[in-house]
Amino acid sequence: MGTRVIVRQILQKIVKNAPRSDFTRVQFKRPHLPSLCLGCRLLCSASDHTAPPRRNRSVSPELSLPSLLDMGFTELQAEQLYDCVSRVKGANAATHVLSTLSALFVLGLNPASVHKLLDRCPELCAVKEAQLQQRINHLRKLGLVEGSLQRTVVHYPQILTVPVKSIKTVVQFLREKCLFTTQQVTEILRDSPAVVLEDLAQLEYKFQYVYFRMGVKQAEMVKCRLFRSTVDEVRCRHTFLERRGLYQTPDKKGQTTIINPKLDSVLNLDRETFVADVAQATAEEYDVFQKLLAREWKEEELERGNIEADSDDDDDDSEDEEEDEEEEEEETRGKSGYKKKRKNK
């Protein structure tokens with residue numbers, strides 16, 4: 001602090017004693033800048049009058065090429081970032097884009113990762129800074145440590161558009177309904193972050209199918225990244241193996257008369273390898289099976305829909321019958337009352 005005071009006093013004395021003409025000679029000229037491309041000029045703020053204002057291309061007076069370049073973006077990335085923000089509907093994107101960028105940089109992402117992330121999920125620009133920071137902190141509380149958190153966000157940036165309450169609901173479901181441990185839930189969020197946007201009914205059906213029909217425990221589900229696959233993908237491959245006699249549902253003791261393929265071989269192999277090595281079939285056989293199975297599923301859905309419609313009709317009929325019975329009872333009571341009055345007269 002003492003050094004700063006001394007330097008300030010010296011500068012004040014120099015300025016006070018210096019002749020005024022020394023300062024008037026100095027002319028501040030605007031440096032000549034090379035003409036920028038159209039996309040770059042559109043990023044400049046409204047205060048720069050060298051380029052005509054474009055109202056329909058204006059994003060935010062604070063979002064300018066110099067500010068983006070200072071953050072480390074290249075000119076091409078800056079133009080693409082502008083287009084990314086302009087694709088988001090509403091004024092929130094223009095309002096929150098700089099705070100979003102700041103939060104992502106604080107998270108530890110480099111400009112290339114931020115550009116890639118926003119290109120995948122431009123809706124993230126419309127999220128308020130406080131909400132964004134709250135969601136990042138909540139993911140940390142769920143066990144996503146530094147490194148894992150950044151990889152998860154870059155791989156699936158949509159996770160930062162999901163409210164904290166919704167993620168809590170999914171986490172609670174995985175723990176209480178599916179009986180995953182806290183560590184297993186963390187691994188699911190890290191390896192299959194799209195699970196936070198999956199319908200809970202579909203999620204439950206997928207878990208129960210693999211657990212009961214295929215006899216696979218939670219640890220293997222997490223290890224094989226089950227929740228990256230859709231329900232139809234799991235059912236199709238499992239049913240194909242089952243009908244070829246290559247997969248059995250374990251009994252109550254968890255035993256089978258054959259050795260079932262591992263879940264990893266069922267889900268994570270490419271189509272060609274799965275058909276040839278695991279199912280021991282040809283590509284044509286698998287194609288025909290998929291078509292027949294899709295038709296079978298469609299018929300099952302129609303049948304379930306008809307059953308539900310019939311049950312609704314039965315409920316309506318029963319309600320109508322109850323109403324008719326009530327009306328008959330009221331008429332009967334009315335007639336008996338009328339007869340009693342006539343007798344009294």
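A residue is called buried when its relative accessible area is under 20%, exposed when that value is over 50%, and partly exposed in between. Gln133, at 27% relative accessibility, is therefore counted as partly exposed. This report applies the same vocabulary to further residues of a predicted model.

## The chain as a whole

The secondary structure of the chain consists of 17 helices and 0 strands. Of its 345 residues, 34% count as buried. The accessible surface amounts to about 23100 Å², and carbon and sulfur atoms contribute 50% of that area. Among the contacts in the chain with a separation of 6 or more, 67% join residues that are 24 or more positions apart.

## Helix 8 and residue Gln133

Gln133 belongs to helix 8, which covers residues 129–141. With neighbours up to four places away in sequence set aside, Gln133 touches Ala103 and Arg140. Thr100 is 33 residues from Gln133 along the chain, and the C-alpha atoms of the two are separated by 9.2 Å.

## The pairing of helices 7 and 9

How do the axes of helix 7 and helix 9 cross? Helix 7 (residues 111–120) and helix 9 (residues 148–155) have axes that come within 9 Å and cross at roughly 40°. That angle makes helix 7 oblique to helix 9. On the side of helix 7, the residues that meet helix 9 are Ser113, Leu117 and Arg120, and their counterparts in helix 9 are Val153, Val154 and His155. By class, the residues of this contact divide into 3 nonpolar, 2 polar and 1 charged.

## Loops flanking helix 11

Two loops adjoin helix 11, one between helix 10 (164–176) and helix 11 and the other between helix 11 (182–191) and helix 12 (200–213).

Leu179 lies in the loop between helix 10 and helix 11. Its relative accessible area is 59%, so Leu179 is exposed. Its phi is near 60°, a positive value in a residue other than glycine. Most residues other than glycine have a negative phi.

Ser192 is located in the loop between helix 11 and helix 12. At 6% relative accessibility, Ser192 counts as buried. Beyond residues up to four places away in sequence, Ser192 touches Glu187, Arg225, Phe227 and Arg228.

Leu197 is also found in the loop between helix 11 and helix 12. Its contacts, again without residues up to four places away in sequence, are with Tyr156, Gln158 and Val162. For Leu197 and Val162, which stand 35 residues apart along the chain, the separation of the C-alpha atoms is 7.7 Å.

## From helix 14 to helix 17

Asn260 occupies the loop between helix 14 (231–243) and helix 15. Is Asn260 buried or exposed? Its relative accessible area is 17%, so Asn260 is buried. A polar atom of the Asn260 side chain lies 2.8 Å from the backbone oxygen of Gln248. Gln248 is also among the residues touched by Asn260, together with Leu246 and Tyr247, when residues up to four places away in sequence are not counted.

Leu269 is placed in the loop between helix 15 (263–267) and helix 16 (271–278). At 29% relative accessibility, Leu269 counts as partly exposed. Apart from neighbours within four places in sequence, Leu269 is in contact with Arg237, Asp264, Phe274 and Val278.

Arg271 has its place in helix 16. Its relative accessible area of 34% makes Arg271 partly exposed. Arg237, already named as a contact of Leu269, is in contact with Arg271 as well. The other contacts of Arg271 outside its neighbours within four places in sequence are Ala283, Tyr286, Asp287 and Gln290. Ala283 is 12 residues from Arg271 along the chain, with 8.8 Å between the C-alpha atoms of the two.

Gln280 is found in the loop between helix 16 and helix 17 (283–344). Although it is not a glycine, Gln280 has a positive phi of about 55°. At 55% relative accessibility, Gln280 counts as exposed.

## Separations between C-alpha atoms

The pairs described above are collected here.

| Residue pair | Positions apart along the chain | C-alpha separation |
|---|---|---|
| Arg271 and Ala283 | 12 residues | 8.8 Å |
| Gln133 and Thr100 | 33 residues | 9.2 Å |
| Leu197 and Val162 | 35 residues | 7.7 Å |

Definitions and conventions. Residues numbered from 1 in each chain as written. Predicted model: local features only at pLDDT ≥ 70, side-chain atom pairs only at ≥ 80, totals over all residues. Heavy atoms only, no water. Axes fitted to C-alpha atoms, helices over the stretch in contact; angles between N-to-C directions. Helix = DSSP H or I, 4+ residues; strand = E, 2+ residues; numbered from the N terminus. Parallel < 35°, antiparallel > 145°, perpendicular 65-115°, else oblique. Contact = heavy atoms within 4.5 Å. Nonpolar A, V, L, I, M, F, W, Y, C, P; charged D, E, K, R; others polar. Buried < 20%, exposed > 50% of the residue type's maximum accessible area, 1.4 Å probe, protein only. Areas by Shrake-Rupley, 256 points an atom, 1.4 Å probe, with all protein chains shown as cover. Polar contact = N/O pair within 3.5 Å; in protein donor to acceptor, adjacent residues only side chain to side chain.
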